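Here's a quick tour for anyone meeting this structure for the first time. Take a look at it, then read on.

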Amino acid sequence: MTGTVNRVWHLAARPTGFPSESDFELRPEPVPSPGPGQVLVRNEVMSVDPAMRGRMNDVKSYVEPFQLGAPLDGGAVGTVVASRSGDVEAGQSVLHGLGWREYALLDAARVRVVDTTAAPASAFLGVLGMPGLTAYAGLLDVARMRPEETVFVSGAAGAVGTLVGQIARLRGARLVIGSAGTPEKVRYLTEELGFDGAFNYRDGDIRGQLKRLAPDGIDVFFDNVGGEQLEAALFRMNLHGRIAVCGAISQYNTPDATGIRNLSLLISKRLTMQGFLVLDHWSRREAFMEEMTAWLREDRIKVAETFVDGIDHAVEAFLGMLKGANLGKMIVRLTA
Ligand code: NAP
């Protein structure tokens with residue numbers, strides 16, 4: 001049944017440094033009604049992503065910043081509860097971009113119908129969604145990983161990282177190693193996900209840890225973290241190695257970014273270092289979905305997800321994700 005109140009998270013203040021709960025406000029609004037061509041969706045799960053932190057700054061980027069005092073948005077999956085479109089029916093599950101609220105009103109063209117009998121709704125925000133395609137396209141197209149290569153992924157226990165390591169293994173990497181921020185995550189990577197080695201970056205001597213785990217050097221570095229892990233990896237890259245720069249989460253909440261002091265190694269080692277955005281790789285979605293769906297069906301990929309329950313805990317989930325409270329994809333469940 002459709003309720004009468006729609007709770008919606010707004011950006012109350014632009015964070016400086018690490019965000020705090022007071023930068024956000026949960027406001028009650030009336031549940032809207034669809035106009036012609038529109039659908040009303042009751043959100044069931046929503047995503048919290050590192051990129052949302054960037055959108056809280058008032059800077060020009062590849063996506064518009066969140067507006068002060070306005071609702072936040074982001075990936076969500078829910079059920080259509082009212083439709084005035086011939087293309088989408090009430091009762092269908094849809095993926096769309098208006099999370100951070102209980103009910104979303106959208107033009108039908110802005111939702112994608114998903115089959116939640118084939119995979120749970122949360123999968124379309126993780127393994128079968130944006131983070132999955134990021135891992136797939138970043139590793140195979142940007143870093144051009146080939147069989148028998150050694151792959152290092154930073155942020156390996158997160159949504160993207162857990163998939164990068166597993167895809168590397170399935171595509172024939174010789175050695176897969178990863179970094180994460182707790183001993184439990186490190187254990188999970190090697191014992192559950194089949195990484196050959198993993199280390200806790202908080203233990204220090206990252207360069208030494210990389211040397212210990214990949215004594216013959218690194219061919220492909222999938223970087224989610226930046227900063228000192230990038231600098232350490234540059235020292236350990238092999239000739240003609242490739243670095244896919246996916247993210248730099250160690251730098252998102254600090255006004256003083258860490259400078260990389262050894263970029264001249266790009267020259268002597270003939271390295272390729274390429275930043276990328278998943279939105280430039282949608283053309284690979286079909287190939288990705290086909291291969292990932294088969295791996296899931298054959299039980300060859302493990303899905304890691306961390307759930308936080310309730311719209312009122314969405315900010316807690318977001319801040320938790322930025323601090324590493326998640327194993328795999330951080331998801332907020334809005335309905336029991
Ligand atoms: P995630 O890894 O699931 O969650 C973020 C993780 O970052 C946390 O769990 C935490 O794990 C780690 N972290 C936080 N602060 C850190 C620090 N100072 N040093 C090292 N690790 C830190 O997030 P995700 O959605 O998979 O995203 C991973 C990265 O990919 C992010 O940088 C994101 O911006 C980027 N990304 C890029 C694209 C693209 O199109 N280029 C698309 C999606 C995501 P620990 O416990 O291990 O610290």
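## Polar contacts with the ligand

A polar contact here is a pair of N or O atoms within 3.5 Å. Keep in mind that this is a predicted model. With that cut-off in hand, start at Lys-185: an N or O atom in its side chain sits 2.6 Å from an oxygen atom of the ligand. Asn-326 also uses its side chain, with a polar atom 2.6 Å from a ligand oxygen. Val-160 joins in through its backbone instead, where a polar atom is 2.8 Å from an oxygen atom of the ligand.

How much of the ligand does the protein cover? On its own the ligand has 910 Å² of accessible area, and the protein covers 90% of that.

## Who's in the shell

Altogether, 27 residues surround the ligand, and Tyr-201 and Val-278 are among the closest. Sorted by class, the shell has 16 nonpolar residues, nine polar ones and two charged ones.

Several helices chip in: helix 2 (130-142), helix 3 (159-170) and helix 9 (314-323) each bring at least two shell residues. Both domain 1 (5-126 + 304-333) and domain 2 (130-279) give residues to the shell, so the ligand lies between them.

## A closer look at helix 3

Is helix 3 largely enclosed or largely open? It's largely enclosed by the rest of the structure, because 10 of its 12 residues are buried. Val-160 is one of those buried residues, and so are Gly-161 and Thr-162.

The length of helix 3 checks out too: at 1.5 Å a residue, its 12 residues should span 16 Å, and its end C-alpha atoms are 17 Å apart, which agrees.

Key: Residues are numbered from 1 along each chain as its sequence is written. This is a predicted model: local features need pLDDT of at least 70, side-chain atom pairs count only at pLDDT 80 or more; totals for chains, interfaces and linings use all residues. Side-chain values use heavy atoms; hydrogens and water are left out. A residue is near a molecule or strand if one of its heavy atoms lies within 4 Å of it. A polar contact is a pair of N or O atoms within 3.5 Å; within protein, one must be able to donate a hydrogen and the other to accept it, and residues adjacent in sequence count only if both atoms are side-chain atoms. Accessible areas come from the Shrake-Rupley method with a 1.4 Å probe; for residues, only the protein chains shown count as cover. Helices (H or I, at least four residues) and strands (E, at least two) are DSSP runs, numbered from the N terminus. Ala, Val, Leu, Ile, Met, Phe, Trp, Tyr, Cys and Pro count as nonpolar, Asp, Glu, Lys and Arg as charged, and the others, Gly among them, as polar. Domain bounds come from an automatic or database domain assignment. The expected span of a helix is 1.5 Å times one less than its number of residues. Buried means under 20% relative accessible area, exposed over 50%, partly exposed in between (1.4 Å probe, protein chains only).
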